[in-house]
Amino acid sequence: MNRRLLLKRIGNLSVVSSLLPFINIHNSNAKSPGRVVILGAGWGGLSAAKTIKKISPEVEVIIIDQNRQFTSCPMSNWVIGQLKTMEDITFSFDNLKNKYYIKFIHEKAINIDSGKKVIKTDGQEISYDKLILSPGVELDYSFIENWNENSIGHFPSAWKAGYETKLLSDNIKNLPNGGVVAISIPLGPYRCPPGPYERASLIASYLKKHKKNTKLIILDSNQKIISKGALFKEAWDEFYSDIIEYRSNSGVVGIDNSNKNFITDFDDIKCDVANLIPPQRAPKLLKATGLINKGSNWAAVNPYDFSSTIAEDIFIIGDSTSQSNVGRVPKSGYIANSMGKVCALAVIAELYDLEKVSPSLINTCYSLVSSKEGISVSAVYDYNKEENKIKSIPGATGLSPNRSSIIKANAWDWATNIWEDMLG
Ligand SMILES: Cc1cc2nc3c(=O)[nH]c(=O)nc-3n(C[C@H](O)[C@H](O)[C@H](O)COP(=O)(O)OP(=O)(O)OC[C@H]3O[C@@H](n4cnc5c(N)ncnc54)[C@H](O)[C@@H]3O)c2cc1C
């Protein structure tokens with residue numbers, strides 16, 4: 001591919017057109033492209049795959065994910081709050097397969113040999129020239145006493161969208177009048193900092209309208225609401241003071257499977273519907289491959305291009321990455337999507353021997369505080385060379401001054417657009 005063709009393709013690519021001014025191609029004698037294998041058909045992986053194929057269709061792109069369809073975590077709280085259905089947040093990979101010729105292997109990856117450049121699934125071995133890992137988070141139940149796999153039935157997390165989202169949504173719908181719901185929130189960092197508080201708001205909003213004399217107890221391991229605190233608090237005080245009981249510094253440390261109780265350091269909480277969101281870390285596969293530094297729970301990456309600091313030809317994006325390397329960006333779908341694009345450009349640059357683009361990322365996080373109104377926080381980030389970190393650009397961050405129905409509409413529009421961006 002020559003310089004003119006590459007520039008034309010990047011120019012045609014609206015999703016990265018903001019990066020166009022930074023593109024600086026030194027070597028027009030591009031190497032032949034190779035095979036890029038991507039682990040994870042989620043927010044980071046899909047964004048990287050589609051970006052590569054849009055710019056450089058010659059590159060072979062293979063995605064490994066055991067899931068046969070995409071179910072969105074963003075907007076899954078709307079399902080739990082009975083505003084949307086599972087069908088509204090579930091999509092096929094058909095466009096990526098048929099329009100972009102991205103190959104999918106629906107198997108579980110079990111091993112990576114970074115020396116031989118091979119990733120192994122439970123069915124086969126796949127070699128790669130570049131490997132992009134976006135496997136999200138692993139839920140870490142080792143801190144929860146008495147936890148076993150059967151506990152999911154009464155204590156779903158619904159922190160990976162799918163079966164548990166539906167289970168929790170049904171449990172809320174079937175809650176009897178006079179019943180108690182309890183949500184347990186882990187210490188940060190975890191995926192989607194405002195997510196548990198939005199979930200609490202939407203459950204409370206549903207209970208207020210449809211169930212009599214019900215309670216929602218929020219057991220937060222953190223000292224306070226860790227995202228958009230004042231705006232959530234204001235809405236809770238105004239709408240749900242008779243429903244929500246918020247307890248800070250009160251994380252769940254165990255469960256009583258027989259009596260269906262949450263156990264905290266202070267007391268046992270009996271609840272008809274429980275939502276246990278456990279602590280999180282990067283998946284064990286990354287640890288086993290040596291991609292996580294000792295003492296850390298998250299993968300070590302260079303913030304400029306999301307290449308591993310440890311293994312060659314491996315890139316890691318999304319929730320699995322360490323904030324102490326990347327900088328203070330939230331573990332969000334929007335950030336994973338941005339990282340996917342930055343990383344895709346870096347991979348193409350390496351395959352074609354081009355100069356890499358200085359990264360720019362964006363995040364807007366919408367949360368509903370009721371079935372009618374939302375709040376939001378936004379930031380634009382770029383790379384700070386002195387600190388070797390991704391940093392928010394001064395003046396380019398902002399919290400919505402108050403809640404509004406317009407923000408609720410914006411939230412759904414945002415989701416519709418970004419789903420199209422990844423899957424359309
Ligand atoms: C309730 C909730 C609400 C949220 N709301 C928002 C929001 O409004 N806005 C926002 O920006 N973000 C939101 N998020 C956060 C967002 O979902 C995550 O930050 C995002 O999914 C991270 O993308 P990722 O690519 O790192 O991981 P994921 O999207 O989780 O993708 C990981 C993929 O890897 C696959 N995988 C993992 N290991 C293997 C393996 N060994 N073999 C095969 N496949 C594997 C998984 O099946 C999965 O499909 C929310 C999250 C939750 C839980």
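**Exercise 1.** How many bridges join strand 15 to strand 16?

*Solution.* Strand 15 covers residues 261-264, and 3 bridges join it to strand 16. The two strands run antiparallel. Strands here are DSSP runs (E, at least two residues), numbered from the N terminus; helices are runs of H or I with at least four. Two strands pair if DSSP finds at least two bridges between them. Asn 261 stands opposite Lys 270 in strand 16.

This is a predicted model: local features need pLDDT of at least 70, side-chain atom pairs count only at pLDDT 80 or more, and totals for chains, interfaces and linings use all residues. Residues are numbered from 1 along each chain as its sequence is written.

**Exercise 2.** Find the strand order of the open sheet and its edge strands.

*Solution.* The order is 14-15-16, with antiparallel pairing. Strand 14 (252-256) and strand 16 (268-270) are the edge strands: each pairs on one side only.

**Exercise 3.** Check the span of helix 6.

*Solution.* Helix 6 holds 16 residues, 195-210. The expected span is 1.5 Å times one less than the number of residues. That should give 22 Å, and the end C-alpha atoms are 22 Å apart, which agrees.

**Exercise 4.** Locate the ligand.

*Solution.* The shell has 36 residues (C-beta atom, placed from the backbone, within 6 Å of the ligand). Gly 40 and Cys 73 are among the closest. Domain 1 (3-67 + 106-136 + 282-358) and domain 2 (142-280) both give residues to this shell, so the ligand lies between them. The domain bounds come from an automatic or database domain assignment. Helix 2 (43-55) and helix 10 (333-352) are among the elements that each supply at least two shell residues.
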